[in-house]
Amino acid sequence: MNVTRSQIVARGLTHRCPNCGQHTLFKADSLFRINKECPACGFRFERDNDEGFFLGSMSLNYGVTLVGFLLPVMLLAFFKVIGVRLAVILAVTGAILFPMLFYRSSRSWWLMNYYFFLPH
C-alpha cells in the first residue's frame, strides 16, 4: 500500500494506523495499551528488537507537559496573576494528570514522526 506523507501526518494526529488509516493503534479494552500490530492490515507498530522505540514518545509527552502546562503556570505565578499556593496545586495536579491525558497523542505522534521520516 502506497501511503503519502500527508496521509501519515493526518493519521498520526487522529491516532490511527499510519498504513491503513483504521482506528486500531490502541487496544479496544485499554486506554494505554498499544497493539503490537494493526488488526486490519498487519502493520507492525512495535519493534521486537528495539526496546526503546517509544522512549521518544515519553520525551515528547514530558516536553509538551513542561512547555504547554507547567511553564504557563509558573509564568502566571511569577507575574502574580495567581497565588503561589494555587500554582503549586496546579503544577502538582497537572504534572500527574496532563501526561496521562496526553499519553495516547504522544504515542501516536511519535509513531507518526518515525514513519514520516522513515516510511516503509
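Phe98 is partly exposed, with a relative accessible area of 25%, where buried denotes under 20% relative accessible area, exposed over 50% and partly exposed the range in between (1.4 Å probe, protein chains only). The model is a predicted one, in which local features need pLDDT of at least 70 and side-chain atom pairs count only at pLDDT 80 or more, whereas totals for chains, interfaces and linings use all residues. Residues are numbered from 1 along each chain as its sequence is written, and side-chain values use heavy atoms, with hydrogens and water left out.

Rings of Phe, Tyr and Trp (its six-membered ring) were taken to pair if their centres lie within 6.5 Å, planes under 30 degrees apart counting as stacked, over 60 as edge-to-face and the rest as tilted. By this rule there are nine aromatic pairs. The rings of Phe32 and Tyr103 are an edge-to-face pair, because their planes stand at 70°, with the centres 5.3 Å apart. Since Phe32 lies in the loop between helix 1 (5-13) and helix 2 (55-78) and Tyr103 in helix 3 (residues 84-117), this pair ties together parts that are 71 residues apart in sequence; helices are DSSP runs (H or I, at least four residues), numbered from the N terminus. Phe32 is partly exposed, at a relative accessible area of 40%.

Phe69 and Phe98 form a stacked aromatic pair, 5.9 Å centre to centre and with 20° between the planes. Phe69 belongs to helix 2 and Phe98 to helix 3, so that the pair ties together parts 29 residues apart in sequence. Phe69, like its partner, is partly exposed, with a relative accessible area of 23%. In addition, ring pairs link Phe43, Phe45, Tyr114 and Tyr115 into a cluster.

Charged side chains were also examined. Arg5 lies over the face of Phe116, at 5.3 Å from the ring centre, and Arg104 over the face of Phe26, at 4.1 Å from the ring centre; the criterion places NZ of Lys or CZ of Arg within 6 Å of the ring centre and within 35 degrees of the ring normal. The structure holds one salt bridge, defined as a side-chain nitrogen of Lys or Arg within 4 Å of a carboxyl oxygen of Asp or Glu. It joins Asp29 and Arg33, whose closest N and O atoms are 3.9 Å apart.

The largest nonpolar core (buried Ala, Val, Leu, Ile, Met, Phe, Trp, Tyr and Cys residues joined through side-chain atoms within 4.5 Å) has 15 residues, and helix 3 gives the most to this core, with four residues.

Methods:
Helix = DSSP H or I, 4+ residues; strand = E, 2+ residues; numbered from the N terminus.
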